[in-house]
Amino acid sequence: MNIDMNVLIAGMYLIAAVFFTLGLKGLSHPRSAVGGNFLSAVGMLIAIVATLLNAEILSFQLIIIGMAAGAVIGTIIALTIKMTAMPQMVGLFNGFGGGASVLVATAALFEAVTGGGAGVSGASTVDLQFLIATVLSALIGAVTFWGSLVAFGKLSGIVTEKAVRYPADQFVKALAGAGILVLAVLLVMNPGNLLYLWLLIGLSSILGLLLTIPIGGADMPIVIALLNSYSGLAAAATGFVISNSILIIAGSLVGASGIILTQIMCRAMNRSLLNVLFGGLGAADDDDTETADEMYAGKVKSTSPDEVAMILKMAQRVVFVPGYGMAVARAQTAVRQLTEIMEQEGIEVEFGIHPVAGRMPGHMNVLLAEENISYDKLKEMDVINPGFSNTDVTIVLGANDVVNPLAREASGSPISGMPILDVDKSRTVVVIKRSLSPGFAGIPNPLFAADNSLMLFGDGKDMVEQLVAAFKEA
């Protein structure tokens, strides 16, 4: 029986699309996330095999070399990357997706207009859909690549986390956008002139830098989600360029899910996407720590692990609120140990997770899940907030802006209106932190000086380990 290869490839792409959809659904809940990830991987394997069956492939040798090189690099990254560096790595991978889209679209246009190297005789036969898709792929891909590099640099400390602003910055970005639009029209009208493509990619790259540099560290979780969406949209546009249905489907799924996640993150911060992109909420100034020390002089009550252990011994309900500081200190193992010994004493323990805690969506959930802390204990903000008034002790570990009461003020603060975890309503709040330094928003936190707050100064991992020892001896 003869099988039409085109029909076989289309069928395999359809099956892969089903696996992608089921995998994405599985990723919507922690319990099914591992299975969802596996289904997505199977779908990608099917898509790759189907693509390799395409008779138009010119060199399997180059494909094998590329796969081998990618496997080696990916294995090294997976074995060496620290969990604290995972957010910037996700941002970098978003950039790779955008860069790949630019390269594929550029190669496809070059082949189309040169007729495979025979001059520009093929330019007149290039259809409008192909040209528009190429323009979108080059534009979105270049913005994604260079924007992701800036995000990676900010999260890695290579580039300042502060919101970098300059005079007339919005005008400069608008001017770059107008220039891109003009170049896009010129390229569509004159596809044989590849100079327009190079200029389009160059100006789009500059726009990617200009859009990301003014965004501060506080907004990085939203930026990562948005860049993830950009990479999907670039891939979908590239799918139209090379007439690949599975690339269109997969890119659309990534683009749509990234946009949804971005909206969720914006709601969690009570900010619009435009405000994130153009507002410039940034990191702290150099003298913010001194300002906080002066503001709360004589009001902050310092404590010790022994004193906190005694308070925990008398508690019936304890809530942990983790933040990026927990990830930096790698304190999650000690937190799990403290949780276990408290539960052995009959103490109810839960975790309050703010949507933007950490450097990327779900960062805290991943860290705690790796310690086999039950998903049932990880409560979202809306679920945990009503219970703080009945909580004996809340331990804030490395979190800052997401528990700052200034967010409840109508105006006058960079985080005004942002939903927060209502930890200050607990009977006792223990804040584990190295100093009174502000969070990414760059403002002092009055929670540190509240009447029901105790400050346990020190490294997060060291302090929690001391709490474990003190609790056992108490």
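This passage describes the annotated membrane segments, one helix pair and the salt bridges of a predicted model.

In the UniProt record, an unreviewed entry, the feature "transmembrane region" is placed at residues 6-24, 36-53, 59-79, 91-110, 130-151, 171-189 and 248-266. Two of these stretches were examined for their conformation in the predicted model. Residues 6-24 are 100% helix and 0% strand, with the C-alpha atoms at the two ends lying 27 Å apart. Residues 91-110 are likewise 100% helix and 0% strand, and for this stretch the separation between the end C-alpha atoms is 29 Å.

The packing of helices was considered for the pair formed by helix H4, which spans residues 86-114, and helix H5, which spans residues 128-156. The axes of H4 and H5 come within 7 Å of each other and cross at roughly 155°. Because angles over 145 degrees count as roughly antiparallel, H4 is described as roughly antiparallel to H5. The crossing of the two helices is left-handed, and the contact of H4 with H5 comprises 15 nonpolar and 13 polar residues, with no charged residues.

A further position was examined in helix H2, which covers residues 30-52 and includes Ala-50. Ala-50 has a relative accessible area of 0% and is therefore classed as buried. Between Ala-50 and Ile-64, which are separated by 14 residues in sequence, the distance from C-alpha to C-alpha is 15 Å.

Charged side chains were then surveyed, and a search of the whole structure finds eleven salt bridges. One of these salt bridges pairs the side chains of Arg-336 and Glu-371, with an N to O distance of 3.3 Å. Arg-336 belongs to helix H14 (residues 332-344), whereas Glu-371 lies in the loop between helix H15 (363-369) and strand E3 (378-380), so the pair ties together parts of the chain that are 35 residues apart in sequence. With a relative accessible area of 22%, Arg-336 is partly exposed, while Glu-371, at 15% relative accessibility, counts as buried.

A salt bridge is also formed between the side chains of Lys-377 and Glu-343, at 2.4 Å from N to O. This pair again links distant parts of the chain, since Lys-377 is located in the loop between H15 and E3 and Glu-343 in helix H14, at a separation of 34 residues. Both partners are partly exposed, Lys-377 with a relative accessible area of 22% and Glu-343 at 31% relative accessibility. Helix H14 and the loop between H15 and E3 are thus bridged by the pair of Arg-336 with Glu-371 as well as by the pair of Lys-377 with Glu-343.

Elsewhere, the side chains of Asp-459 and Arg-434 meet in a salt bridge with an N to O distance of 2.8 Å. Asp-459 is found in the loop between strand E6 (453-457) and helix H17 (460-473), and Arg-434 in the loop between strand E5 (428-433) and E6, so that distant parts of the chain, 25 residues apart, are linked. Asp-459 counts as partly exposed at 23% relative accessibility, whereas Arg-434, at 62%, counts as exposed. In addition, Arg-408, Asp-422, Asp-424 and Lys-425 are joined into one network by salt bridges that share partners.

Technical notes: Residues are numbered from 1 along each chain as its sequence is written. This is a predicted model: local features need pLDDT of at least 70, side-chain atom pairs count only at pLDDT 80 or more; totals for chains, interfaces and linings use all residues. Side-chain values use heavy atoms; hydrogens and water are left out. Axes are lines fitted to C-alpha atoms, for helices over the stretch in contact, and angles run from 0 to 180 degrees between N-to-C directions. Helices (H or I, at least four residues) and strands (E, at least two) are DSSP runs, numbered from the N terminus. Angles under 35 degrees count as roughly parallel, over 145 as roughly antiparallel, 65 to 115 as roughly perpendicular and the rest as oblique. A crossing is left-handed if the near helix is turned anticlockwise from the far one by less than a right angle, and right-handed if clockwise. Ala, Val, Leu, Ile, Met, Phe, Trp, Tyr, Cys and Pro count as nonpolar, Asp, Glu, Lys and Arg as charged, and the others, Gly among them, as polar. UniProt positions are given in the numbering used here, feature names are shortened, and annotations may be inferred rather than shown by experiment. A salt bridge is a side-chain nitrogen of Lys or Arg within 4 Å of a carboxyl oxygen of Asp or Glu. Buried means under 20% relative accessible area, exposed over 50%, partly exposed in between (1.4 Å probe, protein chains only).
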